[in-house]
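Please read the report below alongside the sequence and the coordinates, taking each section in turn.

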Amino acid sequence: MQVQTHVDIHSEWGIVAARQAGRKLAREIGFGSVDQARITTAISELARNIYLYANKGQIQIEEVTSSENRGIKIVAVDEGPGIKDLRRVMEDGFTTSGGLGAGLPGVKRLMDTFDIESEVNEGTTITAIKWLR
């Protein structure tokens with residue numbers, strides 16, 4: 001049976017809870033400490049984006065399997081304002097919050113697969129997977 005966790009993000013405590021849930025599942029799947037840190041960093045960035053830009057949303061964390069691999073899938077979902085220019089937000093250094101602008105490009109680098117779907121005034125869904133090696 002695959003484990004699936006949903007964490008509501010509507011405060012900074014939600015960010016912490018999502019990180020903890022991701023680290024716990026990553027450890028259970030068998031990821032080493034470096035990959036656990038990568039996964040929790042990615043979750044933190046995704047959850048923080050939900051909190052900053054959409055005010056609320058959800059982080060879904062689940063174990064995934066393919067014919068050869070096990071991994072962890074992170075889905076960040078919100079019904080916020082959406083992203084007007086997806087290409088621009090994937091550029092290093094681009095920010096609308098005064099941060100470092102490393103969030104989404106950083107998540108893409110930390111994970112093995114990364115997909116982003118967004119509609120203005122509808123929301124954003126980001127899916128990322130890290131495979132166990």
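## Gln60 in strand E2

In this predicted model, Gln60 is buried, with a relative accessible area of 19%, a value that falls under the 20% limit and is therefore counted as buried. Gln60 belongs to strand E2, and its side chain is joined to that of Gln58 by a polar contact of 2.9 Å. When neighbours within four places in sequence are left aside, the residues in contact with Gln60 are Thr5, His6, Lys73, Ile74, Val75 and Val77.

## The sheet

Strand E2 is part of an open sheet of 5 strands, which are arranged in the order E1-E2-E3-E5-E4 with antiparallel pairing. Strand E1 (4-9) and strand E4 (113-119) form the edges, each of them pairing on one side only. On average, and with direction ignored, neighbouring strands of this sheet are turned by 15° against each other. As general background, the strands of a sheet pair through backbone hydrogen bonds, in either a parallel or an antiparallel sense.

E2 and E3 run antiparallel and are joined by 9 bridges, and the two strands form a hairpin with 4 residues between them; within this pairing, Val64 has Gly71 of E3 as its bridge partner. E3 is also joined to E5, again antiparallel, by 8 bridges, and here Ile72 stands opposite Lys130 in E5.

## The edge strand E4 and its hairpin

E4 pairs with strand E5 (residues 123-131) in the antiparallel sense over 7 bridges. Two of the positions in E4 can be followed across to E5, since the record of partners is explicit: Thr113 is matched with Ile129, and Asp115 has Thr127 as its bridge partner. The hairpin of E4 and E5 has 3 residues between the strands, and in it Asn121 takes a positive phi near 65°.

The side chains along E4 alternate between two faces: Phe114, Ile116 and Ser118 point to one face and are buried, whereas Thr113, Asp115, Glu117 and Glu119 point to the other and are not buried. Helix H4 (residues 103-110) lies across E4 and E5, and runs at about 145° to E4.

## Helix H2 and its surroundings

H2 has 22 residues and reaches 31 Å from its first C-alpha to its last, which is close to the 32 Å expected at 1.5 Å a residue. The buried residues of H2 are Asp35, Gln36, Ile39, Thr40, Ala42, Ile43, Ser44, Leu46, Ala47, Ile50 and Ala54, and what covers them includes E1, H1, E2, E3, H4 and E5. An α-helix has 3.6 residues a turn, so residues three or four places apart point the same way. Just after H2, Asn55 takes a positive phi of about 75°.

Gln36, which has its place in helix H2, counts as buried at 9% relative accessibility. A polar atom of the Gln36 side chain lies 2.8 Å from the backbone oxygen of Phe31. Not counting residues up to four places away in sequence, Gln36 touches Arg23, Ala26, Arg27 and Phe31.

## The nonpolar core

The largest nonpolar core has 30 residues, and those with the most contacts inside it are Ile9, Ile39, Leu46, Ile59, Ile61, Ile72 and Ile74. At least two residues of this core are supplied by each of E1, H1, helix H2 (33-54), E2, E3, H4, E4 and E5. Such an arrangement can be read against a general tendency: in soluble globular proteins, nonpolar side chains tend to be buried together.

Ile39 illustrates the surroundings of one core residue, for, apart from residues up to four places away in sequence, Ile39 touches Gly22, Ala26, Phe31, Ile72, Ile74, Met111 and Lys130.

## An exposed position in helix H3

Is Arg87 buried or exposed? Arg87, found in helix H3 (residues 86-89), is exposed, because its relative accessible area of 68% is over the 50% limit. The C-alpha atoms of Arg87 and Ile72 are separated by 25 Å, and the two residues are 15 residues apart along the chain.

Key:
Residues numbered from 1 in each chain as written. Predicted model: local features only at pLDDT ≥ 70, side-chain atom pairs only at ≥ 80, totals over all residues. Heavy atoms only, no water. Buried < 20%, exposed > 50% of the residue type's maximum accessible area, 1.4 Å probe, protein only. Pairing = 2+ DSSP bridges. Axes fitted to C-alpha atoms, helices over the stretch in contact; angles between N-to-C directions. Contact = heavy atoms within 4.5 Å. Core = buried A, V, L, I, M, F, W, Y, C linked by side-chain atoms within 4.5 Å. Expected span 1.5 Å × (residues − 1). Polar contact = N/O pair within 3.5 Å; in protein donor to acceptor, adjacent residues only side chain to side chain.
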